[in-house]
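Here are some short exercises with worked solutions for you to try. Have the viewer open and take each task before reading on.

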Amino acid sequence: MPTASEILEGKGVCICAGSGGVGKTTTSAAIAAGMAARGLRTCVLTIDPAKRLADSLGLQELGNEASQVDSALFEAQGVEMRGELWAMMLDAKATFDELVRRHAPDEETRDRVLENRIYQQISSALAGSQEYMAMEKLFELHSEGRYDLLVLDTPPTRNALDFLDAPRRLTQFIEGRSLRMFMRPTGLAAKVAGRGASVMFSILRRILGFDLLADLSEFFSAFSGMVEGFQERAKRVNALLADPETCFVVVCGPQGEPIDEAVYFHRKLVEAKLPVGGVIVNKVHYRTNHARGDGEDLRAALTGELGDEGLAERVAANFADYEALAERDAANIDRLAAELRTKSVIRIPYLDEDVHDLAGLAQINRYLFATGEERVEIAAGP
Amino acid sequence: MPDLLDKRLVFVTGKGGVGKSTVAISLGLAAATRGKRTIVCEVSSQEHASHTFKRAEVGFHEVELDDNLWAISIDPDESMREYVLIQLKVRAMRDMLFRSRIFTYLAAATPGLKELVTIGKIWELAQLDRKVKTGRKYDLVVVDAPATGHGIGFLQTPRTFAGIARVGPIHSQAQALDRFITDHDSTGVAIVCLPEEMPVNESAKLEQELREEIGVAVDRVYMNALYPERFSNEEAERFETALERSDGGTRAALRAALSEHRRARAQRAQLARLRRRTAAPVKTLPFIFEPELGPEDARNLARRLG
């Protein structure tokens with residue numbers, strides 16, 4: 001089992017990906033904090049952190065600007081901070097607006113786009129725009145070159161794949177190639193489409209009940225001067241994602257379904273020729289190393305230590321439940337490692353308390369950055 | 001206001017990974033057991049129902065899973081197609097639409113249209129006088145709603161659309177959908193939560209937004225996967241004392257007992273937070289110490305859901 005610092009050796013960008021509810025935000029923050037402790041200047045870019053985690057990182061006042069997390073906070077948890085940890089909460093709408101301002105040839109175009117109804121829907125509500133903007137912000141920060149390592153906590157899409165697909169879908173929409181061809185009043189397309197297209201539009205108007213086309217054509221004509229800028233930018237964002245200095249880390253949980261999703265997601269990343277660094281499995285029930293006698297022996301030994309047969313019985317029953325979950329987790333993770341043909345699987349144990357503060361992050365860090373033997377030791381307890 | 005299972009349509013919602021699908025299936029089973037003809041709808045092709053019942057994929061068909069219990073996986077493209085078939089009676093017009101690349105493009109590009117036709121299909125299933133003439137009549141439709149990654153968006157779609165489309169069939173459709181969703185006698189919502197910090201915060205926020213911004217009835221919040229309180233504080237202290245002297249085989253068992261005690265206690269604190277912060281009644285569901293959930297577990301949960 002590698003440590004997180006081995007996985008991230010020489011990397012400038014780390015993208016934590018996975019489905020919702022598997023502890024991606026916490027993992028991203030722990031990775032950035034751990035690498036900062038080892039002397040790097042890191043920045044974690046997050047979407048929607050738990051309130052208390054955000055508070056403890058000093059994130060409450062943040063919009064789209066990075067701010068430094070006070071090293072003293074970590075030192076209070078016994079973590080020596082040799083580098084710097086910065087954190088930023090992403091505001092997707094503001095990022096999209098910034099992008100429009102940057103690419104707009106003049107003020108009039110800028111305002112036309114910002115005020116267009118279709119644009120407003122896309123920039124705030126359309127599924128995919130958050131993902132696209134997360135990539136965009138990542139690219140911007142990377143270009144500025146202020147950090148040694150950027151860690152991106154990807155948005156909570158139900159299907160982890162949406163995140164890879166969204167930027168492409170959105171750029172395609174903005175390009176609007178197939179539609180613009182029909183909207184052009186003259187030219188070959190008009191001749192080919194001819195009367196058919198206009199009948200089409202009247203059917204559409206009849207079904208939709210509003211002139212989507214009027215809004216869309218306004219959108220496309222306002223956007224037309226910016227399409228190239230967007231395309232160029234998207235190309236460079238894609239190049240950054242595929243760069244050998246970028247590293248995708250798949251985050252998942254140990255149950256059957258999250259493992260299936262991680263396998264699927266990993267395969268898609270490999271197919272897309274994106275660099276995968278490893279997999280982090282959260283909330284794992286660790287198997288204990290102790291020689292297991294039969295239940296009878298354990299109950300007798302517990303009765304001896306606790307001096308209460310009934311209580312010993314309940315402790316043994318609880319332990320049997322725990323072991324069953326540990327067996328399940330181990331089998332699932334073995335399957336994951338086999339499917340991925342990798343040994344780069346880091347297991348974070350299921351801690352006694354929910355992680356939402358710096359003390360919890362410090363605890364997770366011990367596992368992320370520990371060697372295999374150290375981990376088994378930590379898991380066995382003090 | 002009628003009880004949750006006496007309504008016609010129930011949305012089961014919450015953030016990703018909290019067990020929404022399990023609760024949706026179990027609610028469906030609970031209603032079916034009471035003799036209600038029930039259908040469970042999945043909307044993001046995750047096919048949980050078919051997994052739990054060890055069935056082949058459900059797909060865009062009404063498939064029987066158990067006595068009185070059916071399932072369907074709603075695909076937005078299929079729903080769009082069905083909607084157009086119902087709206088356009090003239091075959092030539094339909095054929096033209098379906099063949100057209102622009103239509104495919106616009107249907108995919110129009111913000112929220114996929115969600116709208118998905119809700120439209122759910123509504124259609126919940127009607128006693130169904131538009132799909134071959135369809136069965138259901139007493140209850142349970143929806144395993146998409147994860148609330150993007151807030152309350154899904155249930156708000158009809159109202160947003162009614163605003164955008166000023167006239168025409170989509171406008172009146174969207175209005176009808178919104179009326180049905182916000183009618184407390186017809187439609188209810190169950191939020192699923194986990195006993196952890198972030199899910200509790202999000203569920204409380206979600207409940208408030210659903211009530212105040214959309215005006216739907218939130219009937220219930222399920223605190224899912226709650227550890228049993230197996231040991232008292234006093235017993236936990238005895239474990240700690242014993243742990244100091246213990247080595248070998250009992251050590252791991254004592255540590256597991258202490259962990260269980262700490263988690264159960266931390267979870268009770270989260271349960272109390274959830275109760276303070278939500279107006280709807282909070283019901284608890286136990287953590288299931290089984291490697292994978294099967295039909296029996298769903299049945300056991302179903303008994304506790306009503």
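Axes here are lines fitted to C-alpha atoms, for helices over the stretch in contact, and angles run from 0 to 180 degrees between N-to-C directions. Helices (H or I, at least four residues) and strands (E, at least two) are DSSP runs, numbered from the N terminus. This is a predicted model: local features need pLDDT of at least 70, side-chain atom pairs count only at pLDDT 80 or more, and totals for chains, interfaces and linings use all residues. Residues are numbered from 1 along each chain as its sequence is written, while chains are lettered from A and ligands numbered from 1 in the order in which they are written.

**Exercise 1. Find the mean pLDDT of each chain, and say how the predictor scores the complex.**

Step 1. Recall that pLDDT is the predictor's confidence in each residue, from 0 to 100.

Step 2. Chain A averages 80, with 76% of the residues scoring at least 70. Over residues 186–193 of chain A the pLDDT is below 50, and beyond near neighbours in sequence this stretch has six contacts in the model (two residues are in contact if their C-beta atoms, placed from the backbone, lie within 7 Å). Where pLDDT is low, the predicted coordinates should not be read in detail.

Step 3. For chain B the mean is 85, and 90% of its residues reach 70 or more.

Step 4. The complex receives an ipTM of 0.83 and a pTM of 0.84 from the predictor.

**Exercise 2. Work out the strand order in the sheet of chain A, and name the strands at its edges.**

Step 1. Count two strands as paired if DSSP finds at least two bridges between them.

Step 2. Eight strands of chain A then give an open sheet with mixed pairing, in the order S3-S4-S2-S5-S1-S6-S7-S8. Strand S3 (67–68) and strand S8 (345–349) of chain A each have a single partner strand, so one side of each is left without a neighbour in the sheet.

Step 3. Look at one edge: S3(A) is joined to strand S4 (residues 84–89) of chain A by two bridges, and the two run antiparallel. Here A:Ser67 lies opposite A:Ala87 of S4(A).

**Exercise 3. Trace the sheet of chain B, and describe how S3(B) and S4(B) are connected.**

Step 1. In chain B, eight strands form an open, mixed sheet in the order S3-S4-S2-S5-S1-S6-S7-S8. S3 and strand S8 (282–286) of chain B are the edge strands, pairing on one side only. From one strand to the next, the twist averages 25 degrees.

Step 2. Strand S3 (residues 63–66) and strand S4 (residues 69–73) of chain B run antiparallel and share three bridges. They form a hairpin with two residues between them, and B:Asn68 in the turn has a positive phi of about 65 degrees.

Step 3. Stop at B:Ala71 in S4(B): B:Val63 is its bridge partner, and B:Val40 also stands opposite B:Ala71. Strand S2 (residues 38–42) of chain B pairs with S4(B) in the parallel sense over five bridges.

**Exercise 4. At what angle do H3(B) and H6(B) pack, and which residues make the contact?**

Step 1. Helix H3 (residues 76–87) and helix H6 (residues 113–125) of chain B pack at about 70 degrees, their axes 8 Å apart.

Step 2. Angles under 35 degrees count as roughly parallel, over 145 as roughly antiparallel, 65 to 115 as roughly perpendicular and the rest as oblique. H3(B) is therefore roughly perpendicular to H6(B).

Step 3. B:Pro76, B:Ser79, B:Met80, B:Glu82 and B:Tyr83 of H3(B) make the contact with B:Lys114, B:Val117, B:Thr118, B:Gly120 and B:Lys121 of H6(B).

**Exercise 5. Which residues of H15(A) and H16(A) meet H11(B)?**

Step 1. The axes of helix H15 (residues 295–306) of chain A and helix H11 (residues 249–277) of chain B come within 10 Å and cross at roughly 75 degrees. A:Leu298, A:Ala301, A:Leu302 and A:Glu305 touch B:Gly249, B:Thr250 and B:Ala253 there.

Step 2. For helix H16 (residues 309–340) of chain A and H11(B), the axes come within 9 Å and cross at roughly 85 degrees. On the H16(A) side are A:Val315, A:Ala316, A:Asn318, A:Phe319 and A:Tyr322, which meet B:Ala252, B:Ala253, B:Leu254, B:Ala256, B:Ala257 and B:Glu260 in H11(B).
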